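This report describes a model of two protein chains, part by part. Please look at the sequence and the structure before reading on.

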Amino acid sequence: MNRGWTWVIVMAMVLFMAGMADCSEGFRPVWQVGQTWTVETSYKRLADGSEAWTTPVRWQFAVRAEKEIDGIDCYVVHVTAADLPEAKTQAVLCLAVSDLRPVQVIDVAAGPDGRAEATTRRLDGERLTPLLSGESAIPYDLPLFPLAAETREGEATGALVDGESANTADGLTFVDAVQQSWQPTATGFEVTLRTAGPLGTIIQTWETGRPWATRLTSDAVRCTLVAGQ
Amino acid sequence: MIRFISAFLNPDRFTRLFPLFFALALLAVIAPMAEARGDALRLQGDGSDKAFLPVKPWSGYWWSRKEGKLVKGWAGNESPLKKYDRFVQNRTGRNPGAHAWEADPRHGHFDPTGPGWAGHCNGWSAAAVMEPEPRTPVTVDGVEFTTADQKALLSEMWMDCRTLFYGKRKDTSTPFSLDIYPNVFHRLLVENIKQKKRGMVADTSFNRQVWNYPIFGYETQWKRRWWLPGMVHVTTTVYFADDGVKPEFLGTKTFTKTYHYVLQVNGRGEITGGVWDPRSLWDHPDFVWIPTADSPAQGGENPKLTPALVYAITRGGAAPGVSMSLAMAPAPASPEDVLREAGIDPDVYFR
């Protein structure tokens, strides 16, 4: 084999491996302990089924620690009401440092007697489960990362992942399919999560360099990232 | 016939068909076992279950927008919102204008030309689930409020609250749409009525009209058939509180509806889907929702009604228990204090 062909083959392999590395890494937000960001949220009003939304509430997300939770190295994110830190509605999100998949989630809300009550969810590592806020008032929904740019910008089709979320009630396990699809945009990705939960279909806009989705719309809430780099 | 049976039992034919008979018999034994493996499936074989809330939601009138009783009052009863305005005027020195807001047709709460089915059924449903029933008349700051007045004010106040919403509101009568799926409906019944003892609300009309009613109980029966592996036939009777009552009604008038559906079960015994049976295809809930107490009213409906002042009437002061503004009540001093109140040690997670 002459030297020219050898170089062509080597260059092709290098380019292929570089492409593979890029594909396997894909996109995911990058966090550091101490980082904070704020998400402004409006809730859909039930009456009349109209397109009416409540005045916004601001939720502050803070990466409080990096700790081993349930045997997995996790970011611990504490979510509180930005304008009223003593509010009862909060969340503690333990997300794997490796890919931000949910490991443990604690939802806190006022109970029937007005005192704060916690509900802890430990996620089944065997399931491909995006983080869904479910019944929480805090829209902390996260897709499965990384989002890989498998299609060129502007193409009509994006990548698709079929995940599932499980709820156990009185010994019965109900498994709902969660379909995640995404598509590259000029500045990042648009992700769609089709869920059977209260938020229904969730559409998020993710931008490179931002810690959280810059925009979220769903059947029940809509959010905007208002502070945080 | 005898000739046919004799021919069928011909030894040669029987020998040839024996593997088929054996395979079918084996399938009958193995299929149910295979479905149930790995999970304590509660829907094995035939069975039944039931659950009821310890306290039924109360019945109340649904405050028709067309009739406008909230604005005009009714025989022997002045408008509850006029009484509210007078009470607030006496207490604070200013008229909040709750009645004027309600009477303004631009706000859609009083609509003499509107459809006959539109009303405050969502406000009543949420109030009936979240609030104790007002059972005695009260006089506050010189204004007397009957139990009907108190129910009216609670129904108006709960028109706007954060809800957990499942299914899609539908404007057509076609059955093939995004109504709530029966597996989600079944999960919500078990999760809320049985496990959390929490009331939920269903729109029982699957067409364009909306008729919200609180659910307070259910009785369910299921059957499995070996020749339909992975499917469970379920019949569930749901108990609702009714709003077809006069404003003065006390207690709970009830009705039931029976739904038929098929749940899909995977090899691990997990419920993975469901379809409405033909018997319930044109008569099943459109959507289900659960009122929550963790978000304050935002004033999107009648903004002239202040929850704290409504509670001053219905509970004689600040609500000690469930309140729309409890989530924002400044009791503990910091977010970590709230976690401690909830039994979570912040040090375990943050340090």
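Pro146(A) sits in the loop of chain A that joins strand 6 (116-122) to strand 7 (159-169); helices (H or I, at least four residues) and strands (E, at least two) are DSSP runs, numbered from the N terminus. The peptide bond leading from Phe145(A) to Pro146(A) is cis, with omega near 0°.

The model is predicted, and local features need pLDDT of at least 70, side-chain atom pairs count only at pLDDT 80 or more, while totals for chains, interfaces and linings use all residues. Residues are numbered from 1 along each chain as its sequence is written, chains are lettered from A and ligands numbered from 1 in the order in which they are written, and side-chain values use heavy atoms, with hydrogens and water left out.

**Chain A**

Chain A has 1 helix and 12 strands. Along the sequence the pattern is α-β-β-β-β-β-β-β-β-β-β-β-β. Of its 229 residues, 48% count as buried, where buried means under 20% relative accessible area, exposed over 50%, and partly exposed in between (1.4 Å probe, protein chains only). Among the contacts in chain A with a separation of 6 or more, 41% come from residues 24 or more positions apart; contact means heavy atoms within 4.5 Å.

**Cysteines**

A disulfide is a covalent bond between the sulfur atoms of two cysteines. The rule used here asks for a pair of cysteine sulfur atoms within 2.5 Å, and it gives 0 disulfides over all chains. Why does Cys74(A) form no such bond? The closest cysteine sulfur, in Cys94(A), is 5.7 Å from the sulfur of Cys74(A), which is too far for a bond.

**Single residues**

The table gives the relative accessibility of some residues in both chains.

| Residue | Relative accessibility | Class |
|---|---|---|
| Cys74(A) | 0% | buried |
| Cys121(B) | 6% | buried |
| Trp63(B) | 1% | buried |
| His109(B) | 3% | buried |
| Asp141(B) | 33% | partly exposed |
| Asp203(B) | 0% | buried |

Two residues of chain B have an unusual backbone angle to look at. Trp63(B) has a phi near 50°, a positive value in a residue other than glycine. Trp63(B) lies in the loop between strand 1 (47-52) and helix 3 (69-72) of chain B. Asp141(B), also not a glycine, has a positive phi of about 50°. Its place is the loop between strand 2 (138-140) and strand 3 (143-145) of chain B.

His109(B) belongs to the loop between helix 5 (98-103) and helix 6 (121-130) of chain B. Its side chain makes a polar contact with the side chain of His120(B) at 3.3 Å. A polar contact is a pair of N or O atoms within 3.5 Å; within protein, one must be able to donate a hydrogen and the other to accept it, and residues adjacent in sequence count only if both atoms are side-chain atoms. Not counting residues up to four places away in sequence, His109(B) touches several residues, including Arg65(B), Trp101(B), Glu156(B) and Glu301(B). His109(B) and Ser64(B) are 45 residues apart in sequence, and their C-alpha atoms are 8.7 Å apart in space.

Asp203(B) is part of strand 5 (residues 200-203) of chain B. The side chain of Asp203(B) reaches the backbone nitrogen of Trp211(B) at 2.9 Å. Among the residues that Asp203(B) touches, leaving out those up to four places away in sequence, are Gln209(B), Pro285(B) and Phe287(B).

Helix 7 (residues 147-157) of chain B is mostly covered, with 11 of its 11 residues buried. Among them are Asp149(B), Lys151(B) and Glu156(B).

**Where the chains meet**

How many residues of chain B are in contact with chain A? There are 60, and they are in contact with 57 residues of chain A. The area buried between the two chains is about 5000 Å², and carbon and sulfur atoms give 55% of it. Buried area is the accessible area (1.4 Å probe) that two parts lose on being put together, summed over both. Glu341(B), Tyr349(B) and Phe350(B) supply 14% of the area that chain B buries against chain A, more than any other three residues.

Between chain B and chain A there are 6 salt bridges, each a side-chain nitrogen of Lys or Arg within 4 Å of a carboxyl oxygen of Asp or Glu. The side chains of Arg187(B) and Asp176(A) meet in a salt bridge, 3.7 Å from N to O. Across the interface, 13 residue pairs are in polar contact, both at pLDDT 80 or more. Helix 8 of chain B gives the most to the side of chain B that touches chain A, with 9 residues.
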